[in-house]
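Open your viewer and get your selection tool ready. We will go from one stop to the next.

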Protein chains: 2
Amino acid sequence: MGEAVGVGLIGLGVVGSGVVRALAERGEYFARQVGAPIVVRRAAVRDPAKPRNAPIDPALITADVDSLLADPAIQVVIEVMGGEEPAHRYVRQALEAGKHVVTANKELMAKRGPELLALARERGCYLLFEASVGGGIPLIAPLRRDLLANRIASVRAIINGTTNYILTRMAQEGADYAEALAEAQRLGYAEPDPTNDVEGYDAAYKLAVLATLAFRTRVAPEQIRTEGITRLSARDFLYAAELGYVIKLVAVAERRDRGLLARVAPVLLHRDEPLAKVDGVYNAVQIVGDLTGMVLFEGRGAGAEPTASAVIADLLEIAEAVVHRVPNRAAWSPEEELPILGPEEIENRYYIRVTVADRPGVLARLAKCLGDNDVSIAAVNQKEANEDQQTAELVIMTHRARESAVLKALAEIAELPVVSEVSTFLRVEE
Amino acid sequence: MGEAVGVGLIGLGVVGSGVVRALAERGEYFARQVGAPIVVRRAAVRDPAKPRNAPIDPALITADVDSLLADPAIQVVIEVMGGEEPAHRYVRQALEAGKHVVTANKELMAKRGPELLALARERGCYLLFEASVGGGIPLIAPLRRDLLANRIASVRAIINGTTNYILTRMAQEGADYAEALAEAQRLGYAEPDPTNDVEGYDAAYKLAVLATLAFRTRVAPEQIRTEGITRLSARDFLYAAELGYVIKLVAVAERRDRGLLARVAPVLLHRDEPLAKVDGVYNAVQIVGDLTGMVLFEGRGAGAEPTASAVIADLLEIAEAVVHRVPNRAAWSPEEELPILGPEEIENRYYIRVTVADRPGVLARLAKCLGDNDVSIAAVNQKEANEDQQTAELVIMTHRARESAVLKALAEIAELPVVSEVSTFLRVEE
């Protein structure tokens, strides 16, 4: 058995505690796997006085991150504090000091991944981040190793459990958005301030990480067109179901002729699509490789234990390399410069719900706006009128059309005096 | 860029040709990934005169496996010939000569895996076998690395595309077994002699490989209770659907208190189960870890290109290690001796279809046989009688019961003079 591998944790919240617990319970098994014991030497937290639900000697807990980063007995730093700063600074410091890093931080990897991976490569250090996307579902490792022979055509994913839970409730119980959100908050699936999840930012971070790996090109979160779920109504789910579709928040990155499509938005998915069947807090990622065809990975995308499982997988890989003195060999490097496509270059079918004045001639005016912009209508359905407000609802499905043209038509429609609002605008993902 | 990594192929059928093709088309990209070019030095085949659909210099093709195994310029042997012997002998020889091995051979790994892995470890050589199960779906790597922090509770899998295609046709079109098999043969999904697939042997090999890895205990194919799909009739799918179930050939290995359940058999799956939705030639493997919870992997389980994707992933891992002179560090070793449970120790609910004489008192006699053996009936449905033959069908769902008791009751029922045959006996997988 080799010399112990020393670990320093930055952060000791639910994930950090889960890691400490697993190392305590399964330490001997892990030691047999890697050839040496793995020992937690220090854990840096904001408030060392706070009681912790983790089997860790309180003497190891410190507020002093620098001392942890300077400790020569620590070869591996596990960053589970989250957020861009100061996590970014700590991870840089750790790599510069020649320490390997495991991180569960999607925001960090989405915003600073390529830069940090380049630094890691330069120092011969590992920087692993399986836990940053999809909790305990292996996703990063398959992309960086198991699917390496493939040219990836697309990544389509349900990667935010909070929104998937909310959308599932809205679909299955006809719940309204506010109602479903409140329920998710009550169960701890949504945070008191849910912005990050419901506006799609969390999913965009994760998509940036996956797409950067899958396509070997830099995809920054701000390049990803991101739309949230807050404007959906229970009726949209009903109307979509009538047409054979479900509504899901889907993150998509897809190689097209002229570049990369990258988007997070609620979309209509045909009910027979594999992702259409992923309900509740489950996550699923569908990757199409040119050799493998479609491969799907599904599981719990969050939670202390699934995330700890991913952190420990990375830690064991590194510990084994430390024991055998193997420097990091492979690291991400860009292979291509793929431009991110704008609405000019994207075509879809669209679902549009418009609230209009309940009187003759309205449909003709809407149809004209669409037609003038070369958007052709595949189906129209006029829904029950609201007699009090003298409004009616029109649900329109278009044929394939250029997204910029549809957006222009919708802007014109919104200006029509007979239109109260363009209530919903969703792409059909196919 | 390092010195070239030399590869020798044993077998140049569809998978071998797929590997050669991908190496030819993507050689430069792979070289950048591993730090050295990968060069095919020789391919050993039974009939070197046969025309090949692969971009390989005919001068490299030989019938002489020994010369390939003796070639010092070959560091990695790819075995894609299939079958136990002589593949076993060749792989042993390769490892004994200090060569790394990639194999796609499920029969070999199921029957000889632990022995060969021990030899590989002893010689510091890699023996990788991602392609042996599930084509291009990453399964072996997740079990050997990504899920390593978990204690695995169960592996449930649809891992034979031929039978899944046949069962899907029977379910969706009311096709009979013979009809669906003929269709599968016509499309090339089933072989002229389909025994290996339809009797469940292929699935049992793959389950042996997965279970051996997942539970770190030796599971030999002959320890797996294996039942095929040949006795199912279109009516079983209809009756199952009425009860809310689909019928799938499922391979299961599950940790129970007193040992391991290991079985391949057609079972009733509730239609909401993830595996119930896996149709056609798709494969899916559902692994439950104590930290991750359920994780599902789905994709095309066979075919030249998906399988080549898996072979190349293994090859790249080894090539990188060769370039950096990293000997194999981890290798499978048994952690536990888990006994394989017999029918005495297994409980399920059961679906039973019995063809009986169409006259009064028959149900009472069947019910007595079951009751005498402590098997309690949850539901009975008498189906339309066949007036010509004066027979009727009884479909029985039992409550949870010990499997040995059910088997005993069925043996007694089969002996009753009023019973023509026990037509179907299926477990409910839950």
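The tour below starts with the two copies, moves to the surface between them and ends at a sheet in one chain.

This is a predicted model, in which local features need pLDDT of at least 70 and side-chain atom pairs count only at pLDDT 80 or more, while totals for chains, interfaces and linings use all residues. Residues are numbered from 1 along each chain as its sequence is written, with chains lettered from A and ligands numbered from 1 in the order in which they are written.

**The two copies.** Colour by chain: a turn of 180 degrees and a shift of 0.0 Å along the axis lay chain B on chain A with an RMSD of 0.0 Å (least squares on C-alpha atoms of residues with pLDDT of at least 70 in both). The copies are therefore related as by a two-fold rotation axis. Now select Phe297(B), whose C-alpha is the nearest to the axis in chain B, at 2.4 Å.

**The interface.** Here 40 residues of chain B contact 39 residues of chain A (C-beta atoms, placed from the backbone, within 7 Å). Select α11(B) next: it gives the largest share of chain B's side, 9 residues. Helices (H or I, at least four residues) and strands (E, at least two) are DSSP runs, numbered from the N terminus.

**Across the chains.** Show β12 (residues 293–300) of chain A with β12(B): they pair antiparallel over 5 bridges (pairing takes at least two DSSP bridges). Glu298(A) stands opposite Leu296(B) there.

**Last stop, β17(A).** Strand β13 (residues 347–357) of chain A pairs antiparallel with β17(A) over 8 bridges, and Tyr351(A) stands opposite Leu426(A). Strand β10 (residues 259–270) of chain A runs parallel to β17(A), joined by 3 bridges, with Val267(A) opposite Arg427(A).

Note on methods: Contact = placed C-beta atoms within 7 Å.
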